[in-house]
Amino acid sequence: MNGIDQPPTDLPSFAGQLKVLAEPKRLRILHMLMEGVQCNCELGDALDMAPNLISHHMRVLREAGLINVERDADDARWVYYSPDREALEELNRSLGVFFDPSRIKPRRQTCGPQGAIVSVDRNLVSGR
């Protein structure tokens, strides 16, 4: 990237997680899961969402690696959801590093009218 440092995180993975989280219902679900392990019926009641819609959002969150799914040991029809702590820690780290204001660098004068002056000055210094 022409003199620009590489991004401080894996952009495709980071973008995928951000895309998943850009849905307000999924953020509401994650908010509830941060309060503790939840089952489909608890989520549906609290969020006023149909079970199939909850399942859809849970699948998307699970495929993004943001939640864990556990079936009840006695009755596999019951499914429990919880946030994936490691994934959230990594996402939090990526957000902090990527959007860290200390990464903002001053403007590089390589184009426009001032870029031409810098280019001329460099040529004079190098003896061209």
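Q: Where does Phe 99 lie?
A: In this predicted model, Phe 99 sits in the loop that links helix H5 (85-98) to helix H6 (112-126).

Q: Is Phe 99 buried or exposed there?
A: Phe 99 is exposed, because its relative accessible area is 53% and the cut-off for exposed is over 50%.

Q: Which residues make a nonpolar surface patch with Phe 99?
A: Leu 18 and Leu 95 do; together with Phe 99 they form a nonpolar patch of about 250 Å² on the surface.

Q: Switching to His 31, which helix is that in?
A: His 31 belongs to helix H2, which covers residues 24-34.

Q: And is His 31 buried or exposed?
A: His 31 is exposed, with a relative accessible area of 53%.

Q: How far apart are His 31 and Pro 83?
A: In sequence, 52 residues separate His 31 from Pro 83. In space, the distance from C-alpha to C-alpha is 9.4 Å.

Q: What about the whole protein, how many helices and strands are there?
A: The protein has 6 helices and 3 strands.

Q: In what order do the elements run?
A: Starting at the N terminus, the order is α-α-β-α-α-β-β-α-α.

Q: How much of the protein is buried?
A: Of the 128 residues, 27% are buried.

Q: And what area does the protein expose?
A: About 9,200 Å² is exposed, and 54% of that comes from carbon and sulfur atoms.

Q: Last topic, contacts: what share join residues at least 24 apart?
A: The share is 52%, counted among contacts between residues at least 6 apart in sequence.

Key: Residues are numbered from 1 along each chain as its sequence is written. This is a predicted model: local features need pLDDT of at least 70, side-chain atom pairs count only at pLDDT 80 or more; totals for chains, interfaces and linings use all residues. Side-chain values use heavy atoms; hydrogens and water are left out. Patches are made of residues with over 30% relative accessible area and no salt bridge: like charges are joined within 9 Å, nonpolar side chains (Val, Leu, Ile, Met, Phe, Trp, Tyr) within 5 Å. Accessible areas come from the Shrake-Rupley method with a 1.4 Å probe; for residues, only the protein chains shown count as cover. A salt bridge is a side-chain nitrogen of Lys or Arg within 4 Å of a carboxyl oxygen of Asp or Glu. Helices (H or I, at least four residues) and strands (E, at least two) are DSSP runs, numbered from the N terminus. Buried means under 20% relative accessible area, exposed over 50%, partly exposed in between (1.4 Å probe, protein chains only). Contact means heavy atoms within 4.5 Å.
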